[in-house]
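Reader: I am new to this structure. Please take one part and look at it closely. Where should I begin, and what surrounds it?

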Amino acid sequence: MACLTLNAQADDTLKIATIDMQQLFKEYHRTNDAQKQINVERARIQKENNERLARIRELDTELQNMRKQLDDPSISDSKKQTVYRDWQMKQNEGIALDRERREFLQRRNQALNEKMVQRMKGILEEIRKLGEEQAKAEDYDYVFDKSGLSTSQVPFLLYTKDATDITPDLLKVLNKDAPAEEVTGSSEDPELSAPE
């Protein structure tokens with residue numbers, strides 16, 4: 001009986017709204033801008049990596065040619081010793097270049113991932129603050145994220161009766177300053193994704 005009384009009181013006094021944080025994140029023009037910048041940086045990293053790989057491949061070709069000289073029975077022993085020393089130096093150079101390339105790739109990707117996480121947090125915080133402002137302005141008691149999932153991947157909000165979804169209103173406010181050529185829609189690349 002106490003539950004019925006509590007529910008009846010809640011229906012009379014509580015004003016509840018829902019938002020879809022994932023939709024807001026995906027359709028916010030700043031998310032798409034951030035994704036484009038991330039893609040440009042990722043392409044720059046890949047270009048630099050490809051240039052380094054090209055140099056390593058050149059060295060590999062030189063090493064193969066030197067190996068052929070070493071296997072050639074018509075070349076004198078003194079010449080073979082010189083070629084062998086050069087081959088060892090080039091091999092060591094190739095190993096060092098490849099190690100440096102891998103470290104470069106790891107450092108740059110890690111820095112890019114950290115930058116991406118910071119941007120995502122900033123965008124999500126901006127969306128959260130806007131949702132909070134709108135909730136206060138419209139005098140909502142509670143605003144729930146209907147896209148939120150529990151640790152077992154079950155939605156936190158299984159059912160809402162008469163709750164107002166303020167997602168479309170928030171999306172309009174978020175995208176009011178979007179460039180004219182931007183078409184709001186889902187982010188092209190899933191790299192930046194809202195936490196689940």
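Author: Begin with a definition. Two strands pair if DSSP finds at least two bridges between them. Keep in mind that this is a predicted model.

Now the sheet. It is open, has 3 strands and follows the order β2-β1-β3. The pairing is parallel. β2 and β3 (164-165) are the edge strands, and each pairs on one side only. Take the link between β1 and β3. These two strands run parallel, and 2 bridges join them. Look at Thr18: its bridge partner in β3 is Asp165.

Next, step back along the chain from β1. The loop between α1 (2-13) and β1 (16-19) holds Leu14. Leu14 counts as partly exposed because its relative accessibility is 36%. Leu14 also joins Tyr142 and Phe144 in a nonpolar surface patch of about 270 Å².

Another loop lies between α4 (77-137) and β2 (142-145), and Asp139 is found there. Asp139 has 56% relative accessibility, so it counts as exposed. Compare its place with that of Lys15. Asp139 and Lys15 are 124 residues apart along the chain, yet their C-alpha atoms are separated by 7.4 Å.

Now turn to the nonpolar interior. The largest nonpolar core has 18 residues. Leu24 and Ile127 have the most contacts inside it. Four elements give two or more residues each: β1, α2 (21-27), α4 and α5 (167-174). α4 gives the most, with 6 residues. So which residues does Leu24 touch, leaving out those up to four places away in sequence? They are Ile19, Ile127, Thr167, Leu170, Leu171 and Leu174. Apart from the largest core lies another, of 5 residues. Leu63, Met66, Leu70 and Trp87 are among them.

Finally, place the sheet in the whole chain. The protein has 5 helices and 3 strands. Along the sequence, the pattern reads α-β-α-α-α-β-β-α. Of the 196 residues, 29% are buried. Consider contacts between residues at least 6 apart in sequence: 85% of them join residues at least 24 apart. The protein exposes about 13,400 Å². Carbon and sulfur atoms supply 51% of that area.

How values were computed:
Residues are numbered from 1 along each chain as its sequence is written. This is a predicted model: local features need pLDDT of at least 70, side-chain atom pairs count only at pLDDT 80 or more; totals for chains, interfaces and linings use all residues. Side-chain values use heavy atoms; hydrogens and water are left out. Patches are made of residues with over 30% relative accessible area and no salt bridge: like charges are joined within 9 Å, nonpolar side chains (Val, Leu, Ile, Met, Phe, Trp, Tyr) within 5 Å. Accessible areas come from the Shrake-Rupley method with a 1.4 Å probe; for residues, only the protein chains shown count as cover. A salt bridge is a side-chain nitrogen of Lys or Arg within 4 Å of a carboxyl oxygen of Asp or Glu. Buried means under 20% relative accessible area, exposed over 50%, partly exposed in between (1.4 Å probe, protein chains only). A nonpolar core is a set of buried Ala, Val, Leu, Ile, Met, Phe, Trp, Tyr and Cys residues joined through side-chain atoms within 4.5 Å. Contact means heavy atoms within 4.5 Å.
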